[in-house]
Amino acid sequence: RKHSGGEKTMLQKWQKREISNFDYLMYLNTLAGRSYNDYMQYPVFPWVLADYHSETLNLTNPHTFRDLSKPMGAQTVERKRKFIQRYNEVEKSEGELSAQCHYCTHYSSAIIVASYLVRMEPFTQTFCSLQGGSFDVADRMFHSVKSTWESASRDNMSDVRELIPEFFYLPEFLTNANHFELGCMQDGTVLGDVQLPPWADGDPHKFILLHRQALESDYVSAHLHRWIDLIFGHKQHGSAAVEAVNTYHPYFYGDKMDLNNIKDPLIKSTILGFISNFGQIPKQIHFSMLFICSSSSLNHAQGKNTSGRETVMSLHSSGLLPLMSSLQNLKLSPVTIKELNMFSVLSDCPKGAIGHIVHTEKGILAVEKNKVLIPPLWSKTFCWGFEDFTCCFGNYGSEKNMTVFECMADWGKCLCAVCPSATTIITSGTSSVVCVWELSLVKDKVKCLNLRQALYGHTQAVTCLAASVTYSIFVSGSDDRTCIIWDLNQLTYINQLPAHRANLCSVAINNSTGDIISCAGSYLYLWTVNGQLLASINTTCSPESRIVCCCFAEVMDWDTRSIIITGSTDGVVRVGGWGRGKGILIHCPMEEPGNTGNKCGKHLVLCRELNPSLALTGKASRTSPAVTAVAVSRNSSKLLVGDDWGRVCCWSVDG
């Protein structure tokens with residue numbers, strides 16, 4: 001926060017719709033000193049909806065939404081009148097600090113955060129410790145989204161709570177998966193999962209999806225600046241706050257309190273206890289200091305605000321990638337890798353089956369099987385599969401200056417490897433042991449390869465690996481028909497995915513959602529990051545065909561729909577879709593005209609099959625080479641496919 005200019009850049013990105021409403025709110029929370037690491041200053045998010053009773057959620061109706069220009073204490077006329085009356089009736093106390101305020105409770109505190117997340121550890125223990133060692137009375141526990149909204153917006157004069165970020169991305173906190181005994185309400189209802197609005201159909205995933213869509217909707221995008229002014233901006237305190245019915249007890253304004261000048265230890269401890277129990281106002285952000293430019297084309301906007309958001313900014317809310325929204329119109333670039341001009345940095349083309357494809361700012365890079373490119377520069381390669389069980393490092397596109405290491409020979413034949421970072425390499429193979437290696441570089445030259453950890457869990461050869469730095473996990477698949485999820489930071493076991501129908505042949509992780517694909521034979525399985533099976537499908541009717549490679553085409557970071565791409569031994573690329581939640585429509589271009597989607601429930605839907613050999617030659621062939629690598633370009637406009645003959649094909653929206 002000491003460096004000026006960053007907030008201006010983020011503001012401009014937000015204005016241009018380069019970042020989502022969620023990302024901008026997280027940025028403002030961070031700028032105001034709020035963090036996941038502090039329950040008393042946890043990130044605060046707004047209630048965005050007022051409709052928790054309808055069977056369907058209409059995001060085009062303004063009455064569906066909460067009034068973002070008013071704090072939670074002023075959501076109804078009667079409630080607002082009562083708080084104004086309280087403010088006027090309180091006499092000013094002696095001293096510099098006035099106790100005159102609208103609210104003596106706060107919209108964010110440790111107990112509010114813990115109560116929302118009470119069904120997940122470690123928040124369960126945190127909540128109990130704040131409650132004196134046990135759960136609260138069942139009727140006061142967070143048990144229903146609708147009743148919580150009604151309490152905070154209308155019924156309870158001591159409740160003005162807002163939401164936390166998890167309401168927009170984390171369905172797990174809504175279910176009592178740990179089977180905690182939370183008690184029984186006065187009407188006999190046993191507390192378990194959180195009761196969801198009718199439009200969520202009892203599905204936490206659907207609730208999160210629709211709730212996040214509401215946050216990113218046109219209405220919220222046009223009015224969110226008003227809530228930002230209340231929480232972070234000029235209406236946070238002072239005369240503007242009084243006018244907006246948005247003043248809190250003076251102790252809540254931590255940056256206005258100088259505890260060092262308070263000599264009385266009793267008063268000091270009282271203030272600290274007050275803050276600990278009831279929370280703190282975020283540090284004020286001075287938006288007026290920023291340069292705000294209004295385009296002449298936006299003169300018809302309903303207004304402009306101190307936080308700089310133009311009210312007519314529209315949301316590209318479909319969430320579908322250019323590639324996936326135009327599957328029927330994809331065109332093949334009928335070239336082999338040697339003819340691809342995009343391989344501008346290639347001096348030597350891959351020899352044999354393609355093993356790894358990466359799309360960079362400089363173009364498309366590809367290496368053969370038993371090789372991977374090392375991030376983030378992708379200028380070096382890691383190679384394995386030699387008869388003496390050694391491994392080596394080299395420069396991309398060159399076989400000169402290879403650095404050979406023999407340390408892997410003790411762990412049998414290497415069958416797979418993945419490089420999550422420039423200094424970490426994970427390998428495994430016939431020994432069934434997953435080895436995590438630390439790579440030492442000196443002046444961009446590989447000097448040392450040291451074993452950090454040997455991980456035991458599989459009973460047969462490990463055939464595939466995938467890693468996600470975003471979620472700090474990696475996954476291994478084995479001939480023992482199981483997958484294991486490992487912690488990338490602690491290098492420890494997390495979970496094992498149940499037995500599959502065949503030996504594992506490919507795995508992938510979605511960096512947006514944490515979802516995991518595991519492929520065994522011709523079967524594809526989709527799991528949550530916590531190991532819950534979402535769906536499975538047999539991708540082909542041919543008993544001889546099996547999946548060789550797979551990847552995700554990541555949609556919006558908040559979208560729970562997944563686009564899955566697989567390549568098989570029959571030479572066919574299959575693109576499938578998955579939408580969580582009962583009745584959620586997902587785009588499926590292969591459907592009949594007039595049918596806009598498929599009510600997926602718990603199903604994967606095959607959207608299109610692409611045959612590189614058929615597209616290149618114009619005729620079907622019984623000897624089509626297997627598809628050995630698939631990838632999606634950085635801008636999501638190209639689908640890159642590598643095959644067993646060393647060719648790389650490119651399907652794109654514009655050809």
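The lining of the second largest cavity splits into 5 nonpolar, 5 polar and 1 charged residue, where Ala, Val, Leu, Ile, Met, Phe, Trp, Tyr, Cys and Pro count as nonpolar, Asp, Glu, Lys and Arg as charged, and the others, Gly among them, as polar. Before you click further: this is a predicted model, in which local features need pLDDT of at least 70 and side-chain atom pairs count only at pLDDT 80 or more, while totals for chains, interfaces and linings use all residues. Residues are numbered from 1 along each chain as its sequence is written, and side-chain values use heavy atoms, with hydrogens and water left out.

**Stop 1: the cavity**

Select Met408, Trp411, Gly412, Lys413, Cys414, Thr427, Ser428, Gly429, Ser431, Val433 and Cys435 to see that lining. A cavity here is a set of points, on a 1 Å grid over the protein atoms alone, where a 1.4 Å probe fits but cannot get out; lining residues have an atom within 4 Å of a point. The volume is about 60 Å³, taken as the space filled by probe spheres set on the points, with grid points joined across faces, edges and corners. Strand 9 (residues 424-429) gives the largest share of the lining, 3 residues. Strands (E, at least two residues) and helices (H or I, at least four) are DSSP runs, numbered from the N terminus. In total there are 5 cavities of 30 Å³ or more.

**Stop 2: ring pairs**

There are 32 aromatic pairs to hunt for. Rings of Phe, Tyr and Trp (its six-membered ring) pair if their centres lie within 6.5 Å; planes under 30 degrees apart count as stacked, over 60 as edge-to-face and the rest as tilted. Show Phe22 and Phe45, a tilted pair at 5.0 Å centre to centre with 45° between the planes. Phe22 sits in helix 2 (residues 21-31) and Phe45 in the loop between helix 2 and helix 3 (77-89), 23 residues apart. Are these two rings buried or exposed? Both Phe22 and Phe45 are buried, that is, under 20% relative accessible area (exposed is over 50%, partly exposed in between; 1.4 Å probe, protein chains only).

Next, pick Tyr116 and Phe142: their ring centres are 5.2 Å apart and the planes stand at 85°, so this pair is edge-to-face. Tyr116 belongs to helix 4 (residues 110-116), Phe142 to the loop between helix 5 (123-130) and helix 6 (145-155), 26 residues apart. Tyr116 and Phe142 are both buried. Widen the selection to Trp47, Tyr52, Tyr116, Phe142, Trp149, Phe167, Phe173, Trp199 and Phe207, a cluster linked by ring pairs.

**Stop 3: strands 4 to 7**

Here is an open sheet of 4 antiparallel strands in the order 4-5-6-7; strands pair if DSSP finds at least two bridges between them. Strand 4 (371-374) and strand 7 (403-405) are the edges, each with a single partner strand, so one side of each has no neighbour in the sheet. Strand 6 (residues 391-395) pairs with strand 7 over 3 bridges, and Cys392 stands opposite Val404.

**Stop 4: strands 12 to 15**

Another open antiparallel sheet of 4 strands runs 12-13-14-15. Its edges are strand 12 (462-468) and strand 15 (493-497), each with a single partner strand. Strand 12 joins strand 13 (residues 473-478) through 6 bridges, with Ala466 partnered by Val475.

**Stop 5: a hairpin**

Finish at strand 16 (residues 504-509), where 6 of 6 residues are buried. Antiparallel strand 17 (residues 516-520) is joined to strand 16 by 5 bridges, and Ile509 faces Ile516. The hairpin of strands 16 and 17 has 6 residues between them, and Gly514 in the turn has a positive phi of about 85°.

Conventions: 1 Å grid on protein atoms, 1.4 Å probe; cavity = no way out; pocket = protein on both sides within 12 Å on 5 of 7 lines; lining within 4 Å.
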